[in-house]
Amino acid sequence: MSISNIRIIARLELTQRLRSVGWYVLLGIFGVLLLGVTVLAFAVYSWADFVGAGVFSIVVNMVLLLVVLVSPTLSGNAINGDRDAATLAAVQVTAASTGDIMLGKLAAAVATGFAFLIVAIPFLAISLLGGGANAVVLLVSLLVLVVEIIVVAAIGVGLSGLIARPLFSVATTYLVVAGLTIGTLVVFALGGLAVRTDVEQQSRPYDANGIVDCDSWETYTQEVPRFDYVWWVLAANPFVVLADATPTEFNADGYPVDMFGQIKLGVRTAQQPPVEQSWDECSNEVFEYPTPEKIIASTVPSWFVGLGVQILIAGGLFAGAWSRTRTPAKRLPPGTRIA
Amino acid sequence: MTGIIVDSVSRSFGSVQAVRSATLRAEPGRVTGLVGPNGAGKTTLLLMLASLLAPDAGTIRIAGVDPSENALAARRLLGWMPDALGAWPSLTARETITTTARLYGIPVPDAAARAAQLLELVGLRDLADSPAKVLSRGQKQKLGLARALVHDPQVLLLDEPASGLDPEARIQLRTLLRSFAAEGRTVLISSHILSELEEVVDDAVFLVAGSVVDAAPGQSTGRAWRVRLLGAEAARQNADSWQVAQTLGLPIESLGADRGGVLVGFDSEEAAALGLRSLVQAGLQISEFAPAQSALEHTFLTLNDPAAAAARSAAQAPPTAPPSPPAATDNGEAGA
């Protein structure tokens with residue numbers, strides 16, 4: 001394996017892209033989109049004290065969305081596309097090893113994802129003008145974003161080496177990525193709603209005159225969805241990983257200041273089992289709901305499990321493609337020709 | 001330098017047996033032709049030689065190196081030109097060569113010099129900076145050849161290099177291949193254009209249904225020769241046939257006709273030479289006397305005859321001698 005060969009192969013791959021007009025149009029559209037998102041994000045967070053932190057989190061999530069939406073198209077035919085064009089064998093017959101080819105392709109796919117991040121840099125910079133952003137938050141969220149870009153790229157390159165036809169491998173890459181982003185959400189929602197349990201609730205009865213009876217309790221049961229059984233499904237969602245891994249800043253009232261924190265709060269709240277509730281109108285005690293800060297502090301982080309699952313999927317597919325691309329080839333993916 | 005040695009190599013794809021226990025040698029300093037019908041396993045065999053495909057059984061040596069054990073060493077020694085060039089769509093011809101050179105570990109300045117030299121050699125200098133995807137089929141073949149030569153390989157594997165080339169380029173290719181052989185390199189070339197192949201190869205290997213077959217018995221069978229009298233034309237066809245039949249003492253029904261010429265069957269080259277002498281001695285003005293088929297073509301066609309092939313497959317043998325002296329078939333149009 002040689003760094004020089006990996007670089008040549010990655011550059012070969014990127015040259016194809018850099019010389020197509022469509023690529024620049026795509027980046028241009030993304031820039032315009034980000035401009036709109038940034039303006040709206042400023043409006044959304046204008047009420048808060050930490051405008052910059054909020055806008056920054058929205059722009060980072062937008063970049064992740066774009067990577068998830070566009071990367072599969074660009075990486076999902078990296079290997080079988082070359083096989084179809086008969087350019088893969090031309091590289092395999094040189095002194096470049098299978099590892100050089102695989103890592104070169106991966107590097108090119110990752111670089112493509114980075115291009116979106118680079119377009120987003122001015123908007124990230126503008127968001128910081130809003131103030132309130134924390135350096136650790138910036139660093140960690142960007143780091144997680146980079147890891148997610150690599151994961152999506154590896155899934156695409158991996159499937160393109162395992163599936164013979166580019167069309168199917170691109171579609172399958174989309175399915176896997178959509179499985180992580182939308183699929184986890186669907187399973188979470190359906191699973192939580194399908195499994196319901198009875199929870200007892202108490203309140204003071206009222207008499208015919210509308211006077212509270214402080215001597216007795218009225219008990220009734222209610223079916224509630226059990227999201228606490230299925231919350232872990234969300235762990236592998238890229239947006240949840242990003243939100244959950246990023247340290248959260250809270251305002252004076254204990255509310256998260258950015259979108260990362262708000263998503264994290266949503267997932268952490270789902271971890272809480274339903275509790276028996278009682279409303280006592282006769283008591284002067286004010287029932288205090290736990291603040292988001294307390295909820296987050298009392299629940300478990302899941303991002304490393306989710307990221308682990310993603311890395312396992314991406315790594316497995318990539319390793320499979322690596323062994324399928326090895327030459328001299330013993331087995332070929334069905335329906336492929338070497339040259 | 002041991003050239004190419006293939007020893008009982010087999011390869012199947014699922015239930016399809018593409019190459020069956022093939023054994024052959026290609027010597028350094030010689031051009032060896034790989035001949036066989038479509039689907040005979042030529043490309044599969046070349047892919048195995050090019051270290052891209054692993055044989056199921058048997059061994060391969062490329063200049064002494066086994067590509068299954070040390071693919072990298074084999075790749076540094078061999079140059080492979082596929083039957084269709086996969087061109088990187090947005091690279092120019094020059095970049096295609098320099099990129100390939102870089103992948104062989106050739107430093108940038110040397111790669112640029114090598115690209116210029118090779119593009120000049122294959123006659124693509126004027127198109128050096130056009131995108132490879134706009135090249136015509138023949139130009140792509142030239143680019144493919146230049147790419148195969150980039151690291152100065154000792155063993156050349158060429159899969160149908162002449163297809164799509166214009167006559168001038170074919171002659172250049174022939175000269176090029178001869179000069180490689182003269183430098184002591186090993187050249188293995190597959191082609192369907194047998195008359196072309198015949199002009200360049202020293203040895204021929206026949207591949208039928210994945211097996212190497214011995215073509216020697218094919219030589220002894222008779223073949224047709226084309227005899228043309230001076231000023232022959234369609235109107236004179238019958239008169240010419242009669243004259244030739246009369247002179248050679250053959251029944252006129254045994255003679256064929258071909259574009260004004262007369263087709264005569266001779267059992268051997270000796271018989272043909274004797275026939276020519278008697279025609280000349282009889283005062284006939286012969287303007288052409290040549291085999292109606294190239295020797296390779298003749299052998300190739302008899303190989304496809306199943307009855308003949310069955311008899312032959314029993315006696316498999318490594319490479320065959322050149323089918324006939326090249327002078328006898330040179331261009332087929334030389335006057336006698």
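This passage describes the domain arrangement of chain A and the packing of two of its helices in a predicted model.

In the domain assignment of chain A, two domains are given, each made up of two segments: domain 1 comprises residues 3-182 together with 319-325, and domain 2 comprises residues 188-282 together with 289-298. The centres of domain 1 and domain 2 of chain A, taken over C-alpha atoms, are separated by 36 Å. To the contact between them, domain 1 of chain A contributes 22 residues, and domain 2 of chain A contributes 15 residues. On the side of domain 1 that touches domain 2, at least two residues are supplied by each of the helices H3 (51-75), H7 and H8 of chain A, and the greatest contribution to this side is that of H3(A), with eight residues. By character, the residues on this side of domain 1 of chain A divide into 13 nonpolar, seven polar and two charged.

Two of these helices, H7 (residues 135-162) and H8 (residues 166-194) of chain A, also meet one another, their axes coming within 9 Å and crossing at roughly 145 degrees. The crossing in which H7(A) passes H8(A) is right-handed. From H7(A), the contact is made by A:Val152, A:Ile155, A:Gly156, A:Leu159 and A:Ser160, while H8(A) takes part through A:Ser169, A:Thr172, A:Thr173, A:Val176 and A:Val177. The residues of this contact of H7(A) with H8(A) comprise five nonpolar and five polar, with no charged residue, whereas the side of domain 1 of chain A that touches domain 2 includes two charged residues.

Technical notes
Residues are numbered from 1 along each chain as its sequence is written. Chains are lettered from A and ligands numbered from 1 in the order in which they are written. This is a predicted model: local features need pLDDT of at least 70, side-chain atom pairs count only at pLDDT 80 or more; totals for chains, interfaces and linings use all residues. Axes are lines fitted to C-alpha atoms, for helices over the stretch in contact, and angles run from 0 to 180 degrees between N-to-C directions. Helices (H or I, at least four residues) and strands (E, at least two) are DSSP runs, numbered from the N terminus. A crossing is left-handed if the near helix is turned anticlockwise from the far one by less than a right angle, and right-handed if clockwise. Two residues are in contact if their C-beta atoms, placed from the backbone, lie within 7 Å. Ala, Val, Leu, Ile, Met, Phe, Trp, Tyr, Cys and Pro count as nonpolar, Asp, Glu, Lys and Arg as charged, and the others, Gly among them, as polar. Domain bounds come from an automatic or database domain assignment.
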